[in-house]
Amino acid sequence: MKTATKTGGQLIVEALKANGVKRISCVPGESYLAVLDALYESGIDVIVCRQEGGAAMMADNWGRLTGEPGICMVTRGPGATNASAGLHIARQDSIPMILFIGQVARDMREREAFQEVEYRRAFTEFAKWVGEIDDARRIPEFVTRAFAVATSGRPGPVVLTLPEDMLVEEIEAPQARAYMPVESHPGKSQIAAFETALKEAKRPLFILGGTRWSEEAHAAFAHFATRFKVPVSCSFRRQMLFDHLHPCYAGDAGIGINPALAREIKDADLLVLLGSRMSEMPSSSYTLIDIPYPKQKLVHIFPDPEELGRIYRPDLAICAAPAEFVAALQELEAPASPAWADHTASMHESYLKWSTPPETGPGPVKMGPIMQWLEENLPDDAIFTNGAGNYATWLHRFHRFRKYNTQSAPTSGSMGYGLPAAVAAKQLFPQREVVCFAGDGCFMMHGQEFITAVRYGLPIITVLVNNGIYGTIRMHQEREYPGRVSATDLVNPDFVAYAKAFGGYGELVERTEDFGPAYLRARASGKPAIIEVKLDPEAITPARTLTQIREKT
């Protein structure tokens, strides 16, 4: 059915609405003014950001928390290349996202026109698909395809470029329709083979990861684990996939893994990777599982067949989304007395000891008691976001995630993610507490998005751990080149003044006992807040100081 004559910009917005889009993040540009005009009375919330990287990270987190593609719009050239940081995060984290880029006019291509980039060459490594819409009549086709590609198999980002002149063309085009989600299910014979492998095992271990989970799948897998008493681990920065106080939880497979858990993974006689790729970080640099032939019997469940057998050759490969596989597990009958039940209990006890924060450390601020205060005073459904840095160790090791959709952190280790992700999370879940953990180096990567939180009245709380250095790099530097400090010291602004200048709330914490009252005042302010925690740079990890690392003690 044909519609009345409309511009390409109007057709883009119609296609977004047809596919259920409720919000987009953007930095405006003259290359897609026709789309901005079409958004004017569209009913779609437009979140205006201050840098394209932050806008893309917000879109990533919408995709991360909803399972539906997050939408971001930026202008060509520097706008697009700034946004590539968010694209890379979405690619490595398997997050559905669509990035729309304004492009030079079609009759100017291949001349190196103003801010021209050939994105199909430049962004191929960053996205599942990079397309350019040359003909406005094909907008419904391209946009619906983008949604399908972003969500199918292993989810990921899609890039669509929009030539400026195409967007102002007035044409007739088909009415856009919503994309149809594609689900992959396990076969009956595969479930039977899995059941046999599990019941023959004496030391099984599940590692949960990836995307395409849901609240229902999270609950259903917990029910399965309870019935079968199997030990369960979560992959790097996917800890919210399983309740950490569940008696089957064994800890996370990630950076700084509990040595006891690392041994259990190596010694398991059945290893079940459910949704996880087990890439470099969760596999401890590919040392936990032999490549290409694991010594453990390996069952790998993943929604994209190209991943199955790509690194690890499994004994049983099942092409299925985690949610669909978990649904099939509900039909299995649990053994009356699982052979591994006592072992599961001991693994959980090991996790509880590992995740108990230390009370001591160098300097007047101790992060261990601060983490304990947060555990006792934040609701179970609080959402934690962070970027990358040694400060994140405190959150990942000592916060006990209880509920689904309470963690947003990049497995790619990208700095600067926490603040824009927190803005996106609070916009999506305004009634839930949203806490951004950031280091001083990490925060300054996208700290300008604090004004975005102020503009839209989103009272996030940022716990800014300031030790005056690029901590992770300094740690490695002191280990490899002891005493030769180069390019890792930082000079920082007054972060409390920064928060207030932007219209938010700020406090400085220089003693451990001051943190709790400062946090409560930040919460009560009703404003976006920064709590600056002055941490001694010697407190580089929960277990070792910089001096100990330098002296290799």
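Ala, Val, Leu, Ile, Met, Phe, Trp, Tyr, Cys and Pro count as nonpolar here, Asp, Glu, Lys and Arg as charged, and the others, Gly among them, as polar. That split is used in the legends below, and everything in them comes from a predicted model.

**View 1. The largest cavity has a mixed lining.** About 40 Å³ of space sits in this cavity, one of 2 in the structure that reach 30 Å³ or more. Its walls are built from Ser94, Arg154, Pro155, Gly210, Thr211, Gly275, Phe302, Pro303 and Pro322. Sort those by class and you get 4 nonpolar, 4 polar and 1 charged. Arg154 is the charged one, because Arg falls in the charged class.

**View 2. The second largest cavity has no charged residues in its lining.** Its volume is about 30 Å³. Around it you'll find Gly416, Tyr417, Gly418, Leu419, Cys436, Ala438, Cys442, Phe443 and His446. Helix 15 (418-428), strand 17 (434-439) and helix 16 (440-443) are the elements that each give two or more residues to this lining. The class tally is 6 nonpolar and 3 polar.

**View 3. One open sheet has 6 strands in the order 3-2-4-5-7-6.** The pairing is parallel. Strand 3 (45-48) and strand 6 (129-132) are the edge strands, each with a single partner, so one side of each has no neighbour in the sheet. From one strand to the next, the twist averages 20 degrees. Zoom in on strand 5 (residues 97-103) and strand 7 (residues 157-163): they run parallel and are joined by 7 bridges. Within this part of the sheet, Gln103 sits opposite Pro163 of strand 7.

**View 4. Helix 3 and helix 4 pack on that sheet.** Helix 3 (residues 52-66) touches strand 2 (23-26), strand 3, strand 4 (70-74) and strand 5. Its direction makes about 165 degrees with that of strand 4. Helix 4 (residues 78-93) lies across strand 4, strand 5 and strand 7. Against strand 5, helix 4 runs at about 165 degrees.

**View 5. Helix 1 packs against helix 6 in a right-handed crossing.** The angle between helix 1 (residues 8-18) and helix 6 (residues 139-151) is about 35 degrees, and their axes are 9 Å apart. On the helix 1 side, the contact uses Gly8, Leu11, Ile12, Ala15 and Leu16. Helix 6 answers with Ile139, Val143 and Phe147. By class, that contact comes to 7 nonpolar, 1 polar and no charged residues. The polar entry is Gly8, because Gly is counted as polar.

**View 6. The second largest pocket is lined by 42 residues.** It holds about 760 Å³ of space. Lying nearest its centre are Gly63, Thr66, Gly67, Glu68 and Pro96. Helix 3, strand 4, helix 6 and helix 11 (322-329) are the elements that give two or more residues to the lining. Helix 3 has the largest share, with 5 residues. As for classes, the lining has 21 nonpolar, 12 polar and 9 charged residues.

**View 7. Another open sheet of 6 strands follows the order 11-10-9-12-13-14.** Here, too, the pairing is parallel. Strand 11 (249-253) and strand 14 (316-319) stand at the edges with a single partner strand each, so one side of each is left without a neighbour in the sheet. The twist averages 15 degrees from one strand to the next. Strand 9 (residues 204-208) and strand 12 (residues 270-274) run parallel, with 5 bridges joining them. Pro204 has Leu270 of strand 12 as its bridge partner.

**View 8. Helix 9 and helix 12 lie across strands of this second sheet.** Helix 9 (residues 215-228) covers strand 9, strand 10 (232-235) and strand 12, and runs at about 170 degrees to strand 9. Helix 12 (residues 341-354) lies across strand 9 and strand 11. With strand 11, helix 12 makes an angle of about 55 degrees.

**View 9. Two loops carry backbone details to check on screen.** In the loop between strand 12 and strand 13 (297-302) you'll find Pro292. The peptide bond leading from Ile291 into Pro292 is cis, with omega near 0 degrees. Glu110 belongs to the loop between strand 5 and helix 5 (119-122). Its phi is near 70 degrees, a positive value in a residue other than glycine.

Terms used
Residues are numbered from 1 along each chain as its sequence is written. This is a predicted model: local features need pLDDT of at least 70, side-chain atom pairs count only at pLDDT 80 or more; totals for chains, interfaces and linings use all residues. Side-chain values use heavy atoms; hydrogens and water are left out. Two strands pair if DSSP finds at least two bridges between them. Helices (H or I, at least four residues) and strands (E, at least two) are DSSP runs, numbered from the N terminus. Axes are lines fitted to C-alpha atoms, for helices over the stretch in contact, and angles run from 0 to 180 degrees between N-to-C directions. Contact means heavy atoms within 4.5 Å. A crossing is left-handed if the near helix is turned anticlockwise from the far one by less than a right angle, and right-handed if clockwise. On a 1 Å grid over the protein atoms alone, a cavity is a set of points where a 1.4 Å probe fits but cannot get out, and a pocket is an open set with protein on both sides within 12 Å along at least five of seven lines; lining residues have an atom within 4 Å of a point. Grid points are joined across faces, edges and corners, and a volume is the space filled by probe spheres set on the points.
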